[in-house]
Amino acid sequence: LDGGKSSIGIESTIVAFDVDVSSSSIWLLRPGGVSKQELEEVSGMRVYESHASKVGSPPMAPGMLPSHYAPTKPLYLLPYPVADFVVRRIKEAGIGPAAKIGLLIFSGDVARAKDIFEKLSNHPVICQCLSPSGDIREAAHNLFSAIRGLDESNAMLIFAEQSPVNEGIGLAIQDRLARAAHRVFL
């Protein structure tokens with residue numbers, strides 16, 4: 001079943017309610033299109049972040065496993081300094097000098113990022129951009145198709161910039177990137 005691209009791109013926000021006589025609260029099980037701040041504003045209740053299910057128990061909601069929607073190719077989230085990290089990971093992957101590398105940038109000019117990354121890595125680069133203008137909603141909308149595009153390309157591994165925004169939908173983007181990179185040990 002293919003319903004085409006969704007308007008938001010990433011999956012929905014999932015919450016759980018904890019209601020007792022003395023207080024009510026909301027637990028954010030999976031960040032998505034509706035932010036923690038929006039939930040607090042609309043509900044008037046405090047929203048707590050739930051990071052994981054108890055070890056050995058099933059996840060409380062879809063998308064809570066450490067690895068979720070991960071590409072088949074290794075995906076590395078880029079920390080700083082980028083150059084040292086890139087060179088070390090390429091050597092560890094044992095790929096040849098002609099092997100292509102995938103690059104997922106959050107915003108900016110694809111041609112410029114590709115050029116810089118090719119100079120850093122000495123490898124040909126296939127680059128995808130989530131939002132040229134840096135629009136967080138556009139980035140969320142394009143996240144899965146960009147990862148899938150790089151995974152289906154002839155790149156041997158993928159490097160991805162982290163979300164520059166760590167709240168609202170930016171938190172949801174970062175959550176999905178971290179889960180996509182989970183199988184890769186940094």
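Here are four short exercises on the structure above, each with a worked solution.

This is a predicted model, in which local features need pLDDT of at least 70, side-chain atom pairs count only at pLDDT 80 or more, and totals for chains, interfaces and linings use all residues. Residues are numbered from 1 along each chain as its sequence is written, and side-chain values use heavy atoms, with hydrogens and water left out.

**Exercise 1. Find how many helices and strands the protein chain has, and in which pattern they follow**.

Start with the count: there are 5 helices and 7 strands. Both are DSSP runs numbered from the N terminus (helices: H or I, at least four residues; strands: E, at least two). Next, read along the sequence, where the pattern is β-β-α-β-β-α-β-α-β-α-β-α. Finally, turn to burial: 42% of the 186 residues are buried (buried is under 20% relative accessible area, exposed over 50%, partly exposed in between, with a 1.4 Å probe and protein chains only).

**Exercise 2. Work out which elements supply the largest nonpolar core**.

First, the term: a nonpolar core is a set of buried Ala, Val, Leu, Ile, Met, Phe, Trp, Tyr and Cys residues joined through side-chain atoms within 4.5 Å. The largest one has 21 residues, and I10, L75, L104, L130, L143, I173 and L177 have the most contacts inside it. Now look at the elements: β4 (75-77), α4 (136-152), β7 (155-160) and α5 (169-180) each give at least two residues to this core. The largest share, 7 residues, is from α4. A second, separate core has 16 residues, including I95, L103, A113 and F159.

**Exercise 3. Describe how α4 and α5 pack, and say whether F144 is buried or exposed**.

Take the geometry first: the angle is about 15 degrees and the axes are 9 Å apart. Axes are lines fitted to C-alpha atoms over the stretch in contact, and angles run from 0 to 180 degrees between N-to-C directions. So α4 is roughly parallel to α5 (under 35 degrees; over 145 is roughly antiparallel, 65 to 115 roughly perpendicular and the rest oblique). Contact (heavy atoms within 4.5 Å) involves F144 of α4 among others, and I173 is one of the α5 residues taking part. F144 is buried, at a relative accessible area of 17%.

**Exercise 4. Find which residues ring pairs link into a cluster**.

Search the whole structure, and 3 aromatic pairs turn up. Rings of Phe, Tyr and Trp (its six-membered ring) pair if their centres lie within 6.5 Å; planes under 30 degrees apart count as stacked, over 60 as edge-to-face and the rest as tilted. The cluster links Y76, F117 and F159.
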